[in-house]
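Please look through the sequence and the model below before reading on. The paragraphs that follow lead from the overall make-up of the chain to its strands, its cores and its aromatic rings.

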Amino acid sequence: RNLTYVKFLQENDSKLFSNISLTASSQSIYEGRLSQKIGNINKVKEADKVYSKGFSANIHSNLNKNYSANSGVEIYYDLVRSSKFNINTSSDVQSKILRGLYPDKARFFNYSIYTLHQYFKNNWQLAGGLRYNGYSITIPDETIGKTTISPKAMVGNASFLYNISKESNIYGAYNSGFRTPNIDDLGSLGIVDFRYETPSINLKPEKSNNFEIGYKLRTSIFSSTIALFYSQLNNLITRVKIPNSVINGYNVYKKENVEKAYIKGIEYEFEALLNQKLKTFGGLNYLYGQNITKNEPMRRIPPFNGRIGTEYQQKNSFFRAEFQFASQQKRLAQGDIDDNRIGKNGTKGWQIVNIYTGYNFKPFSINLSLQNLLNTDYRTHGSGINGVGRSAWCTLGLNF
């Protein structure tokens, strides 16, 4: 990944144009894959490149001591180049296959205009905003023909915060969401995550409504946050298995807008100072997701998980030990059961212990990490990759 950007920032005495920032960026991302079946003389080489150009402008307005606003525009343009080759490993002869994983020369244009406002009065903080988003997505494909879609949406948010005292407050928020189908959703053709996908050109945007309420407490020796949230999800894009269809030994799937669902949960975090040098910290997370359309659990919902730890810190050094855990996840969607990364038995619960320490001796710093001291064989639910075993990491830094 290569990224280049330039940013212009100007501060003014004007209330309406208190701060103006302009950013222009250019980046390229490359991803490649090599695959070869056992006993097959041919090796497949795939390459996907994304070239992105971006521009954004933001104006911050300090209209008075109680009222401020941010308004601006954002524009992004992506070009995808995708290729696929067969390589004969005995003769090293390379022949091009016309269709890569994504449609070659696919284009994704995204533009938006937004305004966000904040108002402060006595113990109240109020905020709200609107964002208009538009897209133009072009898929030139010899297999399915040229397709262009132009979804648009207006989304908004509103929130409040009330200071009960100097040390505590309650808050609530509402956000509407919108995710347009991307090039991966619309144009994938080939093997993805142990399945064969075919293009879907009639997809609609996913939409969400999110609600959250919470309480925060911060004193000189203790802080904590607890939050409850609920999300409604509509027009969810999901992979649908095509009956009795198999290509190269893989079941064939196609993405469709066929599902409604909801996710609800609770989060809790705390930090307590035991003395000037010693503190303890931790957090717990619980999520529950339900697919309303299929009357089954949502896919890849994390199980109950959390961490707790202690940190001792001096002027030039620190020592931190933490315990992390996740319970077993047996509440599975059919897609989880069919997924090789999860399977019908779900993901086992696990516990790991990590230790971190470091020392600064200017201009150098050294940090040591001892991870998974119990050498637990574990996996984050839905990730498909087992966590690192017992290991040690050492880094040396030079500050100048």
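Helices and strands are here taken as runs assigned by DSSP and numbered from the N terminus, a strand having at least two residues, and two strands are said to pair if DSSP finds at least two bridges between them. The model is a predicted one, and in it the chain has two helices and 22 strands. The C-alpha trace spans about 70 × 55 × 55 Å along its principal axes, and 33% of the 400 residues of the chain count as buried. Among the contacts with a separation of 6 or more, 58% are made by residues that are 24 or more positions apart.

A good place to begin is strand E4, which covers residues 67-88 and runs antiparallel to strand E3, residues 42-64, with 22 bridges joining the two. E3 and E4 are linked by a hairpin of two residues, and across this pairing His-60 stands opposite Asn-70 in E4. E4 is also joined by five bridges to strand E5, residues 93-97, again in an antiparallel arrangement, and here Phe-85 is the residue that stands opposite Lys-96 in E5. Between E4 and E5 there are four residues, the two strands forming a hairpin in whose turn Asp-92 has a positive phi of about 60 degrees. A further antiparallel pairing, with 14 bridges, joins E4 to strand E6, residues 106-121, and in it Leu-79 stands opposite Arg-107 in E6.

From the strands we can turn to the nonpolar cores. Which residues have the most contacts inside the largest nonpolar core? They are Ile-137, Ile-139, Ile-183 and Leu-186, in a core of 17 residues. Two or more residues of this core come from each of E6, strand E7 (124-139), strand E9 (152-163) and helix H1 (183-187), and E7 gives the most, with three residues. The surroundings of Ile-137 can be followed in the model: leaving aside neighbours within four places in sequence, Ile-137 is in contact with Arg-107, Phe-108, Thr-147, Thr-148, Ile-149, Thr-180, Pro-181, Ile-183 and Leu-186. Apart from this core lies another, of seven residues, among them Leu-236, Ala-261, Ile-263 and Ile-301.

Two serines offer a view of strand E14. Ser-223 is found in E14, which covers residues 222-247, and with a relative accessibility of 13% Ser-223 counts as buried, the limit for that word being under 20%. Not counting residues up to four places away in sequence, Ser-223 touches Leu-217, Arg-218, Glu-269, Phe-270 and Glu-271. Ser-231 lies in E14 as well, and at 14% relative accessibility Ser-231 also counts as buried. With neighbours within four places in sequence left aside, Ser-231 is in contact with Asn-209, Asn-210, Ala-261, Tyr-262 and Ile-263, and the side chains of Ser-231 and Asn-210 make a polar contact at 2.8 Å.

The aromatic rings come last. A pair of aromatic rings is described by the distance of the centres and the angle of the planes. Rings are counted as a pair if their centres lie within 6.5 Å, and the pair is called stacked if the planes are under 30 degrees apart. By this rule the count comes to 14 aromatic pairs. Why is the pair of Tyr-268 and Phe-270 stacked? Their ring centres are 6.3 Å apart and their planes stand at 25 degrees, so these rings meet the rule for a stacked pair. Tyr-268 has a relative accessibility of 30% and therefore counts as partly exposed. The rings of Phe-323 and Phe-325 are likewise stacked, because their centres are 6.3 Å apart and their planes are at 20 degrees. Is each of these two residues buried or partly exposed? Phe-323, at 33% relative accessibility, counts as partly exposed, whereas Phe-325, at 18%, counts as buried. Elsewhere, Phe-108, Tyr-135 and Phe-178 form one aromatic cluster.

Some rings also have a lysine over their face. Lys-216 lies over the face of Tyr-171, at 5.3 Å from the ring centre, and Lys-264 lies over the face of Tyr-288, at 5.5 Å from the ring centre.

Methods. Residues numbered from 1 in each chain as written. Predicted model: local features only at pLDDT ≥ 70, side-chain atom pairs only at ≥ 80, totals over all residues. Heavy atoms only, no water. Phe/Tyr/Trp six-rings, centres within 6.5 Å; stacked < 30°, edge-to-face > 60°. Buried < 20%, exposed > 50% of the residue type's maximum accessible area, 1.4 Å probe, protein only. Lys NZ or Arg CZ within 6 Å of the ring centre and 35° of its normal. Contact = heavy atoms within 4.5 Å. Core = buried A, V, L, I, M, F, W, Y, C linked by side-chain atoms within 4.5 Å. Polar contact = N/O pair within 3.5 Å; in protein donor to acceptor, adjacent residues only side chain to side chain.
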